[in-house]
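Reader: I'm new to this structure and would love a close look at a single part of it. Could you pick one spot and walk me outward from there?

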Amino acid sequence: MKRFLNGFVYAFNGLVYTFRTQLNFKIHCISAVLVVLLGLYAKLTCAEWLWIALAIAMVLILELINTAIEILVDLVSPQKQAKAGLIKDVAAAAVLVAAFLALAIALFIFVPKFI
């Protein structure tokens with residue numbers, strides 16, 4: 001049971017590390033809070049909340065994976081190498097695509113409510 005509970009501690013440590021060290025993760029977290037507050041103000045439906053939650057989770061999850069990939073690449077390739085840079089760029093691109101999708105979801109949901 002202790003190993004199971006330690007898993008939560010390790011995961012929380014990963015969240016704290018990422019929040020403390022990654023500016024983009026902080027920006028995504030602040031954006032998520034603002035979107036949730038806007039959703040409360042706009043009185044979103046259950047279906048709309050599910051889309052918003054999915055979009056927020058997708059961006060945060062990919063930002064965490066991107067951070068892990070960056071740490072791993074730095075560990076195995078401390079010298080600057082073109083392929084190591086490409087790995088980091090592709091991981092960052094995944095976050096960017098998710099962020100654009102999240103923005104599109106937010107626009108589809110919020111624009112009609114305020115027009």
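Author: Let's start at Ile 109, which sits in helix H4. This is a predicted model, and in it Ile 109 has a relative accessible area of 9%. That value is under the 20% cut-off, so Ile 109 counts as buried. Leaving aside residues up to four places away in sequence, Ile 109 touches Leu 44, Glu 48, Trp 51 and Ile 52. Two of these partners, Glu 48 and Ile 52, will come back when we reach helix H3, where they are among the buried residues.

Now step back to the helix that carries Ile 109. H4 runs over residues 82-114, which makes 33 residues. From its first C-alpha to its last it reaches 46 Å, close to the 48 Å expected at 1.5 Å a residue. There is a bend along the way, of about 25 degrees, at Leu 107. To get a feel for distances along this part of the chain, take Ile 109 and Ala 93: they are 16 residues apart in sequence, and their C-alpha atoms are 24 Å apart in space.

Which residues of H4 are buried? They are Ala 84, Ala 91, Val 95, Ala 98, Ala 102, Ile 105, Ala 106, Ile 109 and Phe 110. As you look at that list, it helps to remember that an α-helix has 3.6 residues a turn, so residues three or four places apart point the same way. The cover over the buried residues of H4 includes helix H2 (23-42) and helix H3 (46-76). Not every residue of H4 is hidden like this: Leu 101, also in H4, is partly exposed, with a relative accessible area of 42%. Leu 101 is 75 residues from Lys 26 in sequence, while the two C-alpha atoms are 19 Å apart in space.

Next comes H3, one of the helices that cover H4. H3 and H4 pack at an angle of about 165 degrees, and their axes are 9 Å apart. Because of that angle, H3 is roughly antiparallel to H4. The crossing in which H3 passes H4 is left-handed. H3 has 31 residues, which should span 45 Å at 1.5 Å a residue, and its end C-alpha atoms are indeed 45 Å apart. Its buried residues are Glu 48, Ile 52, Ala 55, Val 59, Leu 60, Glu 63, Asn 66, Thr 67 and Val 73. Helix H1 (2-21), H2 and H4 are among what covers them.

H1 meets H3 in another way. Their axes are 11 Å apart and the packing angle is about 85 degrees, so H1 is roughly perpendicular to H3. On the H1 side, Gly 14, Leu 15, Tyr 17 and Thr 18 make the contact; on the H3 side, Leu 64, Thr 67 and Ile 71 do.

H1 also crosses H2, at roughly 100 degrees, with axes that come within 5 Å. That angle makes H1 roughly perpendicular to H2. Here Leu 15, Thr 18, Phe 19, Arg 20 and Thr 21 of H1 meet Leu 23, Phe 25, Lys 26 and Cys 29 of H2.

One last stop is the loop between H2 and H3, where you will find Lys 43. Lys 43 is exposed, with a relative accessible area of 67%. Its phi is positive, at about 55 degrees, although Lys 43 is not a glycine. For background, most residues other than glycine have a negative phi.

Conventions. Residues are numbered from 1 along each chain as its sequence is written. This is a predicted model: local features need pLDDT of at least 70, side-chain atom pairs count only at pLDDT 80 or more; totals for chains, interfaces and linings use all residues. Side-chain values use heavy atoms; hydrogens and water are left out. Helices (H or I, at least four residues) and strands (E, at least two) are DSSP runs, numbered from the N terminus. The expected span of a helix is 1.5 Å times one less than its number of residues. The bend at a residue is the angle between axes fitted to the seven residues ending there and the seven starting there. Buried means under 20% relative accessible area, exposed over 50%, partly exposed in between (1.4 Å probe, protein chains only). Contact means heavy atoms within 4.5 Å. Axes are lines fitted to C-alpha atoms, for helices over the stretch in contact, and angles run from 0 to 180 degrees between N-to-C directions. Angles under 35 degrees count as roughly parallel, over 145 as roughly antiparallel, 65 to 115 as roughly perpendicular and the rest as oblique. A crossing is left-handed if the near helix is turned anticlockwise from the far one by less than a right angle, and right-handed if clockwise.
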